[in-house]
Structure formats: C-alpha cells, structure tokens
Amino acid sequence: MSTENEGTAVPPAPSAPPVPVDAPAASAPQASDASAPTAPIPPNASGDAQGPELVHAGPAPAYAAAEGGAQQGASGAPQYPGGPGPQGAWPPPQAPGTPLYADGGTGGPGAGGAWGAGYQQPAPKPKNGRGGLVAAILVAALVAGGIGGGLGYTLAKNNDNGSSTTVSASDSGGSVKRDAGTVAGVAQRALPSTVTIEAESTNGEGGTGTGFVFDTQGHIVTNNHVVADAVDGGKLTATFPNGKKYDAEVVGHAQGYDVAVIKLKSAPSDLRPLTLGNSDQVAVGDSTIAIGAPFGLSNTVTTGIISAKNRPVASSDASGSSASYMSALQTDASINPGNSGGPLLDAQGNVIGINSAIQSTGSGGLGGTSQSGSIGLGFAIPINQAKYVAQQLIKTGKPVYAKIGASVSLEDSSGGAKITAEGAGGSDSVEAGGPAAKAGLKPGDVITKLDDSVIDSGPTLIGEIWTHKPGDKVEITYERDGKTHTVDLTLGSRTGDS
C-alpha cells in the first residue's frame, strides 16, 4: 500500500482471511516449482502497478527465509495511504447553474418576456348594479382592519419588555461536555496526542503522514514509508493540533513491518501517550475511529467498523525497494493518502492498530493526481505487533523478525506456502540448522496451517509468522507427497532489514 506509492507488483492479498482449523481451506491452483526467493526483502526494480492495487506485495523475499531476495510482481495490492497530497489546484469554480426563475420568463413556467418585465394592468371589468354595494363593503372592511391593527400595535407596545420568543440552548457547542464513549469524546482526548509528520529528503522530495505519541520521552510511532525519505539526512517535522511544530529524528525503522519510531527534538514535558489496546481481542463489527491527515488535511477524524481480521496484506512503495507483510485489521473507516501512521482507535479511545494501507482502484485520484481515495477498504497493523516492534526499535534501533528459516514461493494462489527448490542467489531454500530444518521440512513441502490459521500463500505465512516473536513455538501443518503432516517448530530470529 502506498501513499502515492505504487510500484513493483506484488502478489494480491488473498480474498479471505485465515479461518479456524475446522474451516476448509480455499482451493487454489497449484503453484509451479518456479518460485521467487523469499527472505530479507531486497531492493527491487520498480515498475508500474496495474489495476486495483494493495501496493506492497509481489514476488518478494518472504521473511520466512533466512536470507536472499526476490523481485516483486503482480497486481491487486493495497497502497500506502501516506504521502504527499494531491498535486495542483482543485478545479476552478463553475458558474452556477441557471436558476428556475431565470428561464427568460416572468417567474413562472410558460410566462413570456424577461424576468422582471413590467406588469401589464388587466383591462377593467364593466360595472354592474352591485358595484356600489361592493365598494361600501370594502370601505367598511378597511376601517375595521385599521382599528384592529392600531389596537394590536398599542397592546404589543405596552407589553414589550425586551424578551424574545426564540429558544436558546443552555450551552454553546464549545462548552458542551461530551461523554467519554462518544466519537466526539474520543476525538477530544486523542487528537492532542496525534501529529502530522512531514518528511523531506535531501533532494527536496517527500510527503505527509501521521503519527501518535508513544511515551513521555517524545517517541512517536508511525509507518516506515512515512519517514523513509528523511532516513538518510533528510528533514523531519511533527506538528501537533495546537500548531506547535517540532523537529524530529528517526530512531529506527522496520521496512518489513512498515513500522518506524521517531523522536521529537526538545520534546515538551506535557506529552500524553495514547493508551494501547489489545488487538487480539478485537472483533469484527467493533467500532473504529481513525485519525490522520488525509491529503494533507491534518487532524481529520473518520469512523467505521472492523470489517475483517487477520487479512493477509502485502504492500510496497513506488520504488519497489520496501515490501511489507501484515496480518491486518481491515476497516471501512475512511482512510486516504496522509492517514498512514495514524492511530486506529476502538470506541474507548485505545489504539488497536496503525493505519498503513488502502485498497486502490487504480483509477486516478482526487484533484487530478494518480492517487486514489478511500473505497472503504483500509488496513491497519495490529497494535500488539506494532508495540513489540516499536519497543525493539527504541531499544536497539533495528527490527527483529521471527523466521522459520525457509524460502517460500510468493506466487499467487498456490494452495499454501510452498518451500522453493532453492533460495535467493542459488542458496539452500531450507537454512541448515534453522527452525524448518530441525522440524524436518524440505523443499517442495507445502505449508497449509500455522497453529489454527489457514495458510493459502507465501505472503499469508509471512504475515502470520510476524505476528509472533522469536522463540515462540508454533504448530506447522504441511503436505508432502499427498499426505498431511503436523510438526512443532520454534521460531528463530533475524535482525535488520538487509
């Protein structure tokens, strides 16, 4: 998913999230033995994404492997919703449409002449024998009306005490105390702890994203692709809703997880970190609130629900050099370019995810740019995973990935994650002495489940592995020669993105 980033194609995210053990796995054509190495995600040649895209996916290394790389390719990937706003100005104002009254008539349908043309006096009717009587009645009515009007005026004047019959609210909008559980209440508490991030590279290129206060020391959590331009000597600033702007620096960034931590220089002493929720306990249908700077419109609040969990998402930026995988929270809260890195909150205001990607129609964007807007399919990195990554980045400056030590195919729809015949650069696809080797896995084995989660592709396996920590024990179900086997495996670790 990219903020404007649309690059190397990647395998489209599977159409449905993994399901419990007793649910049948979706059938899919068997992948060919030809596979793309998967392991550390290496820089890839960029290419134009085609069609609807979740931008960050494709035949790229599967961090399930020990090392190596692969080219990315495919369509149907999400885009990062972070990055520069629309280029150019909005279309100029158009002349208002012709009003009904301005139809060349006199104010009514079918009337002739121009609007406001002189009124023509109708021809007088001939008098009849009752003319005198009618005139007398009219005079009497006018006299009575005059008397009544004068009496009413006098009474109103005498009783006028300056009061109004207009009913006014006891509180104005600014003084109303909103309940904590309302969207307005959540927004009031969360907005002061969100920032609009502007990242600029040394050559002046960059974009806009969002972040939120992680601790009182001035650490801000956001997406890797939001700050990528400022990593090597660029400029980075964070602006709070009250208008205060701070210079910042990148503490650490995880390309594969698409998580980054920056730190405010001269951080204020009154920072209020947002409360982190438990993304494992989120249920489909739960209310969500997203905060960000869509198209540069800072401090924008949108609402929706969790529309799916454990959604396999692979995305990439425009250069194709950064690929990320996640088992995402899917939401229909409106998320657009510039929302990247912002918090996805639950109804109580707890952070349950980091908004990272959107499904794009690839049909062009707002304001005449190539960016597409929200179509109701947004994806957030679960906060339980992001919290672990952020803590590692603050501690060491480098990300730590869980791995199985085997390269898997990233081809679309293989009915599982197939261990490739060889790894990147001709290396062994199963790392000698690694977790997969110790568990007895071999090239050609097709992994179909990790614990209770159905695995229908390489990217799905990677996303699931990365929801765990190194040292975690998982149960792997795989197929070999038409037979199903189950084995326990202890995940290994890999430090850094290279």
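**Strands, cores and side-chain pairs in a predicted model**

Strands β11 (residues 351-358) and β12 are antiparallel partners, held in register by five bridges. One place to look in this predicted model is Gly 353, whose bridge partner in β12 is Pro 382. On top of that, β12 is joined by three bridges to strand β9 (residues 323-331), and these two run antiparallel as well. Here Leu 329 has Ala 380 of β12 as its bridge partner. As for cover, β12 spans residues 378-382, and five of its five residues are buried.

Elsewhere, six strands make a closed barrel, in the order β1-β2-β3-β6-β5-β4 and with antiparallel pairing. Neighbouring strands in this sheet are turned against each other by 40° on average, direction ignored. Within the barrel, β5 (residues 245-254) and β6 (residues 259-264) share six bridges in the antiparallel sense, and Val 250 finds its bridge partner in Ile 262 of β6. Helix α4 (residues 383-396) packs on this sheet and touches β2 (206-213), β3 (219-222), β5 and β6. The direction of α4 makes about 55° with that of β6.

Turning to the nonpolar cores, the largest has 58 residues. Leu 345, Ile 404, Ile 447, Leu 461, Ile 465, Ile 476 and Leu 489 have the most contacts inside it. Helix α4 turns up again here, as it supplies the largest share of this core, six residues. Another core lies apart from it and has 17 residues, including Val 195, Ala 230, Leu 236 and Tyr 246.

Next come the rings. The count of aromatic pairs comes to five. One of them, Tyr 257 with Tyr 401, is stacked, at 4.4 Å centre to centre and 20° between the planes. Tyr 257 sits in the loop between β5 and β6, while Tyr 401 belongs to strand β13 (residues 400-403), so this pair ties together parts that are 144 residues apart in sequence. Tyr 257 has 1% relative accessibility and therefore counts as buried; Tyr 401, at 0%, counts as buried too. Tyr 325 and Trp 466 are edge-to-face, because their ring centres are 6.0 Å apart and their planes stand at 70°. This pair also links distant parts of the chain: Tyr 325 is in strand β9, and Trp 466 is in the loop between α6 (458-465) and β17 (473-480), 141 residues apart. Tyr 325 and Trp 466 are both buried. Put together, ring pairs link Tyr 257, Tyr 325, Tyr 401 and Trp 466 into a cluster.

On the charged side, a search of the whole structure turns up two salt bridges. In one, the side chains of Lys 403 and Glu 431 meet at 3.0 Å, N to O. Lys 403 is in strand β13 and Glu 431 in the loop between β14 (417-418) and α5 (435-438), so distant parts of the chain, 28 residues apart, are linked. Lys 403 is buried, with a relative accessible area of 10%, whereas Glu 431 is partly exposed at 25%. In the other, Arg 480 pairs with Asp 445, and the closest N and O atoms are 2.8 Å apart. Arg 480 lies in strand β17 and Asp 445 in the loop between α5 and β15 (446-450), so parts 35 residues apart in sequence are tied together. Arg 480 counts as partly exposed at 22% relative accessibility, while Asp 445, at 2%, counts as buried.

How values were computed: Residues are numbered from 1 along each chain as its sequence is written. This is a predicted model: local features need pLDDT of at least 70, side-chain atom pairs count only at pLDDT 80 or more; totals for chains, interfaces and linings use all residues. Side-chain values use heavy atoms; hydrogens and water are left out. Two strands pair if DSSP finds at least two bridges between them. Helices (H or I, at least four residues) and strands (E, at least two) are DSSP runs, numbered from the N terminus. Axes are lines fitted to C-alpha atoms, for helices over the stretch in contact, and angles run from 0 to 180 degrees between N-to-C directions. Contact means heavy atoms within 4.5 Å. A nonpolar core is a set of buried Ala, Val, Leu, Ile, Met, Phe, Trp, Tyr and Cys residues joined through side-chain atoms within 4.5 Å. Buried means under 20% relative accessible area, exposed over 50%, partly exposed in between (1.4 Å probe, protein chains only). Rings of Phe, Tyr and Trp (its six-membered ring) pair if their centres lie within 6.5 Å; planes under 30 degrees apart count as stacked, over 60 as edge-to-face and the rest as tilted. A salt bridge is a side-chain nitrogen of Lys or Arg within 4 Å of a carboxyl oxygen of Asp or Glu.
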